[in-house]
Amino acid sequence: MTLPPLRAIATETKLLLVGIPVLLWTMLPLYHLFLFAISPKESAFAGNFWPTHPTLHNFEVVFGQKHYFLSHFWLQLWNSLVIAVATGAITLLIATGAAFAISRLKVRGGRTVMNLALFTYFIPAAFLAVPMYRTMGLYGLLNNHWALILAMVTIAAPYSIWVLKQASDKLPYELDEAAVMDGASTMQLFRLVYLPLMMPSLVAVGTYALLLAWNEYLYAFLLLSKDTDITLPVALGNFLAADDSPWELLMTTGLIYALPPAAIYYTFKRYMVGGLTAGAVKS
């Protein structure tokens, strides 16, 4: 049995010395989130490493909508889901078509349009919140889910187009030429050649846009106001308005809300890593 060289052992040790503290630092807030979720209200701030009497009562209150701030929990969760899925689908539709036209069809001015779209990221999204509110008001879209969906698509689309365009550039053009020689139309080329080969990047971009909309707070707070229309992140903010905030319920709801994106990310993480960095390094 051959022992690993000392340099390899030293490198592995250094990685562990850095990685373990970073892991603990990252997991500590999540642990406290879980700790609050299973603690009774009277012992939530006791400072114990583990609650003396762990309970699932907080989950029962949240799922049963048995608190004033949770009276529309399921509806607000549904609102978040609808807005996130719609944002992901529309962003994917726009970005896929734009990237195909710019990269494969070589439309005139396509690269200029893409660069101008990326230029919008020089302006922080938070600075655009008030102009976006004004725009949605002029079009009568305030307190409408479409206001938030369109705002999120506006933020997600430029980066998505860039990612898909970079990934598309890596595909060999001989495939397009062979398909055209076989009599394929532009739509057949798009549907039968382009989409199957781009699937990892499409999954990554769709997941990125979905999670962006799922976690959005500022735009959701400005564009939606009715309790039956708001998303769950905005509803969670209402907990902080009370003098005696039910922190155990806030943390329980936050934990529940964090589970779907975590599941989505770990399901598609290999696509996320590969798809979002596609074309970043070219030989």
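These questions and answers go through a predicted model, from a loop residue to its cores and helix pairs.

Colleague: Where does H67 lie?
Modeller: Start from the two helices on either side. One is α2, residues 57-63, and the other is α3, residues 73-103. H67 lies in the loop between α2 and α3.

Colleague: Is H67 buried, partly exposed or exposed?
Modeller: Its relative accessible area is 25%. Buried would need a value under 20%, and exposed a value over 50%. H67 is therefore partly exposed.

Colleague: Which residues does H67 touch, not counting residues up to four places away in sequence?
Modeller: L128 is 61 residues along the chain from H67, and their C-alpha atoms are separated by 35 Å. Contact means heavy atoms within 4.5 Å. With the sequence neighbours set aside, H67 touches V61, P246 and L249.

Colleague: Which helix gives the most to the largest nonpolar core?
Modeller: That core has 42 residues. L70, F73, L148, Y219, L223 and F239 touch the most other members. The helix giving the most, with seven residues, is α6, residues 145-169.

Colleague: How many residues are in the other core?
Modeller: This core lies apart from the largest one. Its members include A95, A167, M198 and V205. The count is 18 residues.

Colleague: What is L70 in contact with, leaving aside its neighbours within four places in sequence?
Modeller: L70 is among the residues that touch the most other members of the largest nonpolar core. V61 appears in its contacts, and H67 touches V61 too. L249 likewise is touched by H67 and by L70. The full set for L70 is V61, V62, Q65, F239, L249 and T253.

Colleague: Are α7 and α8 roughly parallel or roughly antiparallel?
Modeller: Helix α7 covers residues 173-181 and helix α8 residues 186-197. Their axes are 10 Å apart, at an angle of about 155 degrees. Angles over 145 degrees count as roughly antiparallel. So α7 and α8 are roughly antiparallel.

Colleague: In which hand does α7 pass α8, left or right?
Modeller: L175, D176 and A179 in α7 meet L189, V193 and L197 in α8. By class, that contact has five nonpolar, no polar and one charged residues. The crossing is right-handed.

Colleague: Is D176 buried or exposed?
Modeller: D176 is found in helix α7. Beyond its neighbours within four places in sequence, D176 is in contact with R104, L189 and V193. Its relative accessibility is 10%, and the cut-off for buried is under 20%. D176 therefore counts as buried.

Colleague: What is A184 in contact with, leaving aside its neighbours within four places in sequence?
Modeller: A184 lies in the loop between α7 and α8. At 23% relative accessible area, A184 is partly exposed. H72 is 112 residues away along the chain, with 51 Å between the C-alpha atoms. Leaving sequence neighbours aside, A184 is in contact with A179 and L189.

Colleague: How is α8 set against α9, roughly parallel or roughly perpendicular?
Modeller: Helix α9 covers residues 199-214. The axes of α8 and α9 come within 4 Å and cross at roughly 70 degrees. Angles of 65 to 115 degrees count as roughly perpendicular. That makes α8, against α9, roughly perpendicular.

Colleague: How many nonpolar residues does the contact of α8 with α9 have?
Modeller: L195, P196 and L197 in α8 meet M199, P200 and L202 in α9. The contact has no polar and no charged residues. The nonpolar residues number six.

Methods:
Residues are numbered from 1 along each chain as its sequence is written. This is a predicted model: local features need pLDDT of at least 70, side-chain atom pairs count only at pLDDT 80 or more; totals for chains, interfaces and linings use all residues. Side-chain values use heavy atoms; hydrogens and water are left out. Buried means under 20% relative accessible area, exposed over 50%, partly exposed in between (1.4 Å probe, protein chains only). A nonpolar core is a set of buried Ala, Val, Leu, Ile, Met, Phe, Trp, Tyr and Cys residues joined through side-chain atoms within 4.5 Å. Axes are lines fitted to C-alpha atoms, for helices over the stretch in contact, and angles run from 0 to 180 degrees between N-to-C directions. Angles under 35 degrees count as roughly parallel, over 145 as roughly antiparallel, 65 to 115 as roughly perpendicular and the rest as oblique. A crossing is left-handed if the near helix is turned anticlockwise from the far one by less than a right angle, and right-handed if clockwise. Ala, Val, Leu, Ile, Met, Phe, Trp, Tyr, Cys and Pro count as nonpolar, Asp, Glu, Lys and Arg as charged, and the others, Gly among them, as polar.
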